[in-house]
Amino acid sequence: MNTGNFTDNPKSRAIFLDRDGTLIEEVNFLSRVADLRFFPFTIQAINLLKNSGFLIIVLTNQSGIGRKIFEEKAMHEIHAEIQYRLRDKIDAFYFCPHPPDENCACRKPSLAMIETACADFTIDLENSWMIGDKAIDVETGFNAGTKTALVLTGYGQKDVAKLQKKPDLIAENLLEAVKTITNYEQIRHSNS
Ligand SMILES: [Mg+2]
Ligand SMILES: [Zn+2]
């Protein structure tokens with residue numbers, strides 16, 4: 001807990017979190033609450049992050065909206081259900097609805113979603129993390145100047161071969177990543 005040693009740094013550390021394959025199970029173009037599946041460790045991982053004082057910010061590419069596979073409303077229903085099951089522990093969701101060929105500014109690994117988050121919250125990017133199951137998630141973190149973690153759930157096993165640069169962490173799943181990150185933070189703070 002922040003006990004006042006950091007009063008000259010009022011910025012929050014954030015976990016930028018990919019949704020599909022990282023926070024929840026990968027379902028191709030998830031569009032129905034009935035198909036939403038938490039991992040067995042999802043709730044524990046989020047609780048651990050929250051108790052460690054991180055902002056939790058979901059960044060998700062949802063090109064199914066731009067491709068007219070499902071409506072934006074369907075995605076918002078899924079996010080509302082995620083929040084309900086996590087007792088509102090996600091601080092914000094940002095999404096990109098565009099197909100890849102639109103070359104928008106928000107689709108990961110572009111930075112518009114993180115830039116919007118930084119306008120909405122006061123974030124210490126250097127001490128924040130981007131966690132995801134795809135090489136583009138890791139790249140997003142590199143582009144933003146955060147620490148980076150790849151999880152081996154979702155596309156992780158496949159995408160580990162696509163990494164251009166080594167992330168700070170490769171973890172079996174979100175809970176293992178979070179355990180490492182929160183221990184890491186404790187060690188860092190006790191040494192400072
Ligand atoms: Mg993903
Ligand atoms: Zn976009």
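## Exercises on a predicted model

**Exercise 1.** Find which residues of helix α1 (residues 42-51) are buried, and say how they sit around the axis.

*Solution.* Start with burial: T42, A45, I46 and L49 are the buried residues in α1. Next, look down the helix axis. These buried residues fall within an arc of 95°, so they line one face of α1. The general rule helps here: an α-helix has 3.6 residues a turn, so residues three or four places apart point the same way. Last, step past the end of the helix. Just after α1, G53 has a positive phi of about 90°.

The model is a predicted one.

**Exercise 2.** State what α1 connects, and trace the pairing of strand β2 (residues 55-61).

*Solution.* Take the connection first. Together, β1, α1 and β2 form a right-handed β-α-β unit. Now pair the strands. Strand β1 (residues 14-17) runs parallel to β2, joined by four bridges. Within this pair, I15 has I56 in β2 as its bridge partner. On to β3: five bridges join β2 to β3, again in parallel. Here L59 is partnered by Y94 of β3. Finally, check burial. Six of the seven residues of β2 are buried, so the strand is largely enclosed by the rest of the structure.

**Exercise 3.** Work out which side of helix α3 is buried, which residues are exposed, and what covers the buried ones.

*Solution.* List the buried residues: M75, I78 and I82. They cover an arc of only 60° around the axis, which puts them on the same side of α3. Turn to the other side. There K73, H76, A80 and Y84 are exposed. Then look for the cover. Among the elements over the buried residues are α2 (63-66) and β3 (92-96). Just after α3, R87 takes a positive phi of about 50°.

**Exercise 4.** Test the length of α3 (residues 72-85) against its expected span.

*Solution.* The helix has 14 residues. At 1.5 Å a residue, they should span 20 Å. The end C-alpha atoms are 20 Å apart, which agrees.

**Exercise 5.** Describe the whole chain: its elements, its compactness and its contacts.

*Solution.* Count the elements: seven helices and six strands. Put them in order from the N terminus: β-α-β-α-α-β-α-β-α-β-α-β-α. Compare the radius of gyration with the globule rule. The value is 16 Å, close to the 16 Å that the rule gives for 192 residues, so the protein chain is as compact as a globular protein of that length. Along the principal axes, the C-alpha atoms fill a box of roughly 50 × 35 × 30 Å. For burial, 37% of the 192 residues count as buried. Then take the contacts with a separation of 6 or more: 62% link residues 24 or more positions apart.

Key: Residues are numbered from 1 along each chain as its sequence is written. Chains are lettered from A and ligands numbered from 1 in the order in which they are written. This is a predicted model: local features need pLDDT of at least 70, side-chain atom pairs count only at pLDDT 80 or more; totals for chains, interfaces and linings use all residues. A residue is buried if 20 or more other C-beta atoms lie within 10 Å of its own, exposed if 12 or fewer, and partly exposed in between; C-beta atoms are placed from the backbone. Helices (H or I, at least four residues) and strands (E, at least two) are DSSP runs, numbered from the N terminus. The arc is that of the directions from the helix axis to the C-beta atoms. The radius of gyration is taken over C-alpha atoms; the globule rule is 2.2 Å times the number of residues to the power 0.38. Two residues are in contact if their C-beta atoms, placed from the backbone, lie within 7 Å. The expected span of a helix is 1.5 Å times one less than its number of residues. Two strands pair if DSSP finds at least two bridges between them. A crossover is right-handed if, with the strands pointing away from the viewer, the path from the first strand over the helix to the second runs clockwise.
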